[in-house]
Amino acid sequence: MKNMGTRLINYQYNQRDNIGKFFHLLFALVAREIKGQYRRSFLGPAWALLQPLFYMVIFTFIRGVLKISSEGIPYVLFTYSALVPWTFFSNAITRCGPSVLQNAGIVKKMDLPRLVFPTAAVSISLFDLLMSGIILIGMMFWFHVPITWAILWLPVLILLIAFLALGIGMLIAAVGTYKRDIVFATPFLMQFWLLATPIMYPLSSVPVRWQKIYTANPMVGIIEGFRGVLIKGSAPDLNLLAVSIIGIGVIWIIAWPLFRVMSQYFADVL
Amino acid sequence: MSDDVIIQVEGLWKRYGLPLLPAVRDLVSRLSKNRRSIANNGGPWALRDVSFEVKRGETLGIIGRNGAGKSTLLKILAGVTPPTRGQIEVRGRVFPMIELNAGIHPELTGRENVRLLGAIMGLSRQEVEEKMPEIEEFTELEEWFDQPVRKYSSGMLARLGFAVAMNVDADILLVDEVLAVGDITFQRKCLDRMEQLQNSEITILFVSHSIRQVERVCGRALLLEKGQPLALGEAADVASRYYADSSCKIIEQRTSDGESHEIVQMQLEDALVDILSVRLLNKDGQVSSEFYTGSSLTIEVDYEAHQPVSDVFAGFGIATIDSFYISGFTSELESNGLDLKGKGTFRCTIKDLPLLSGIYMVHLKLKNVWGSCVGGGFGVKTFSVIVPKDIRRSNDYGLVRLNVEWS
């Protein structure tokens, strides 16, 4: 582009300092949010638990009517074990959208790596995941589900969700800071996506002719993997996970440069 | 670029908004109902062709009216928004002292918010913990420091933000009217801190509406008007230029209603004398609104007395444009009372105007022997004063110049 303005910073500084500062700010933002939530509401962190439980109850009713299979696992466990990671994913993305808008004051004041805001959004949802994970563990004990080595896959799966959520979150934050429509639409989109993911029903219930398109959904591999690892004690299907990883890659290739460019001008519209 | 220059700005232009490619811009503007969306071919230029250099350790003032582009310039230097055109080179750490309380959460305590602000302002966790006792002491918040911040007054919040900001190490400080909040003691602390910083090698860019503060604190100043640089040079020179431009506008504003409204008549039950017009004359007897320190200023008043009034004394008051009363004087001691009948004119001359640069207004009051007011008006005339170059002394600060003799 001709005639672009440039701002050059020309002095000795330590790159590692910058990384340290990024994480310091990240922790500070997450702490702020969590403390604020605890103090402001009566139920506080309990809200993190209620959301997947609520869906579980609804799905259990629907299941009775529609006769959905749960592959021999008690339905409550079947669906809750998928809802916990899903809630993490869905909340992370929903929080990313307005994350920059909510921090308008800081963005307009200092030159900060703006990626910290969607990253904090995902991190806060991660904290909620840990909270609702406690109930999940309780449920597993209740149903006498054995813990196997497959559990070691959990951090990997959680990390995959985090990256996928951050990629999409960056996209929504980048566009949404300028035009809020996409931020408002996010909850609706997440509802659709929930129905397109094997949470309420197992993957095996999906008609064969739809399977190819269906498994292009990057969350399929991860959710089935989560359930498999926790309840069935089996390692996740690597083919499906490969699809997830490719999906994450594609999204980041688009979202990362887009966010980098568009985030520079955030202060102009906040 | 020479070694002692720490900021160099060349040909800076800034327009707010996302610079979409022309095709996308067209598409978006067609889709969106709002014609003035971000897709519009830009908008007004916030800054036009600004160029200047700042040397290490210097304090540069940036002045201008509202909308002149001062905050925009600071934001670009801070790296908050990119320049549209031009080159900026910054050779040091920049710390923008703008909106010091941004990011504060009302449910967190003062201490917790200090940690948060520390993270935002770029301090490391260690630095914040080390300096916490100092910060706590500076805020003077005592037991409030561990109370949720939603209980704080705005003055307390200001102290919190400033206390953290004071501890940030930076080579360049961008100060944007931050000193305008808080009570007297707090402002004193801020000014003290500023002066302390000036004595070090730290470079300061100071944006303020208070021209007096800028003249006092800064060596050079940059005057912006509608995004364009109007003047750059010694603070006193630039301030005079600002006054000259502003006074024209203020005087225009005050007379734009027309002669009849120009004089704000006092509300009196029995205004026996109407003030018809007031003129200010310079040393050559010409009507003017611009005067020089040390020259003479004559106030000429046309009046109309509805009934004959005897033994009337006239009193004038001179105040700054922000209503700071400088001096009032009456004719009581000098001459006998005036006998007013019908229409007439009287004059008063200030022989050796001691006022320094600024914009001032004249108040007028007519009183009879018993002290009751028979007529007058507030702010009947506005004028500006400029210190002429030949008598300018570098240590003249304040409102008036005093005639002194050293021995």
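**Exercise 1. How much area does chain A expose, and what share of it do carbon and sulfur atoms supply?**

Solution. Before starting, keep in mind that this is a predicted model.

- Step 1: Look at the surface. Chain A exposes about 13,500 Å², and 71% of that comes from carbon and sulfur atoms.
- Step 2: Now look inside. Of the 270 residues in chain A, 49% are buried.
- Step 3: Check the overall dimensions. Along the principal axes, the C-alpha atoms of chain A fill a box of roughly 65 × 45 × 35 Å.
- Step 4: Compare with a compact globule. For 270 residues, such a globule would have a radius of gyration near 18 Å, and the 20 Å of chain A agrees with that.

**Exercise 2. Work out which helices and strands chain A has, and in what pattern they follow each other.**

Solution.

- Step 1: Count the elements. Chain A has 12 helices and one strand.
- Step 2: Walk along the sequence. The pattern reads β-α-α-α-α-α-α-α-α-α-α-α-α.
- Step 3: Ask how far apart the touching residues sit in sequence. Taking contacts in chain A between residues at least 6 apart, 80% join residues at least 24 apart.
- Step 4: Zoom in on one residue. A:Ser244 is in helix α11 (residues 238–263) of chain A. With 0% relative accessibility, A:Ser244 falls under the 20% cut-off, so it counts as buried.
- Step 5: Find what A:Ser244 touches. Leaving out residues up to four places away in sequence, its contacts are A:Pro218, A:Gly221 and A:Ile222.

**Exercise 3. Describe how chain B and chain A meet.**

Solution.

- Step 1: Count the residues involved. On the chain B side there are 51 residues in contact with 38 residues of chain A.
- Step 2: Add the area. The two chains bury about 3,900 Å² between them, with 59% of it on carbon and sulfur atoms.
- Step 3: Pick out the top contributors. B:Leu18, B:Val80 and B:Ile120 supply 15% of the area that chain B buries against chain A, more than any other three residues.
- Step 4: Look for a sheet that uses both chains. An open sheet of four strands has the order β1(A)-β4(B)-β1(B)-β2(B), with mixed pairing. Its edge strands are β1 (6–9) of chain A and β2 (45–55) of chain B, each pairing on one side only. From one strand to the next, the twist averages 15 degrees.
- Step 5: Take one pair from that sheet. Strand β1 (residues 5–15) of chain B runs antiparallel to β2(B), and seven bridges join them. B:Val5 stands opposite B:Lys55 in β2(B).

**Exercise 4. Lay out the six-strand sheet of chain B and say which helices lie across its strands.**

Solution.

- Step 1: Write down the order. This open sheet goes β5-β6-β7-β3-β8-β9 in chain B, and the pairing is mixed.
- Step 2: Mark the ends. Strands β5 (94–97) and β9 (228–234) of chain B are the edges, each pairing on one side only.
- Step 3: Zoom in on a parallel pair. Strands β6 (residues 172–176) and β7 (residues 203–207) of chain B are joined by five bridges, and B:Leu174 stands opposite B:Leu205 in β7(B).
- Step 4: Add the helices. Helix α2 (residues 70–78) of chain B lies across β3, β5, β6, β7 and β8 of chain B, at about 150 degrees to β6(B). Helix α6 (residues 184–198) of chain B lies across β3, β6 and β7 of chain B, at about 140 degrees to β7(B).

**Exercise 5. Is strand β16 of chain B mostly covered or mostly uncovered, and which strands does it pair with?**

Solution.

- Step 1: Check the burial. Strand β16 (residues 358–367) of chain B is mostly covered, with eight of its 10 residues buried.
- Step 2: Find one partner. Strand β13 (residues 297–320) of chain B pairs with β16(B) in the antiparallel sense over eight bridges. Here B:Gly315 stands opposite B:Lys365 in β16(B).
- Step 3: Find another. Nine bridges join β16(B) to strand β17 (residues 373–386) of chain B, again in an antiparallel pairing. B:Leu366 stands opposite B:Gly375 in β17(B).
- Step 4: Look at the turn. β16(B) and β17(B) form a hairpin with five residues between them, and B:Gly371 in the turn has a positive phi of about 90 degrees.

Key. Residues are numbered from 1 along each chain as its sequence is written. Chains are lettered from A and ligands numbered from 1 in the order in which they are written. This is a predicted model: local features need pLDDT of at least 70, side-chain atom pairs count only at pLDDT 80 or more; totals for chains, interfaces and linings use all residues. Side-chain values use heavy atoms; hydrogens and water are left out. Two strands pair if DSSP finds at least two bridges between them. Helices (H or I, at least four residues) and strands (E, at least two) are DSSP runs, numbered from the N terminus. Contact means heavy atoms within 4.5 Å. Axes are lines fitted to C-alpha atoms, for helices over the stretch in contact, and angles run from 0 to 180 degrees between N-to-C directions. The radius of gyration is taken over C-alpha atoms; the globule rule is 2.2 Å times the number of residues to the power 0.38. Buried means under 20% relative accessible area, exposed over 50%, partly exposed in between (1.4 Å probe, protein chains only). Accessible areas come from the Shrake-Rupley method with a 1.4 Å probe; for residues, only the protein chains shown count as cover. Buried area is the accessible area (1.4 Å probe) that two parts lose on being put together, summed over both.
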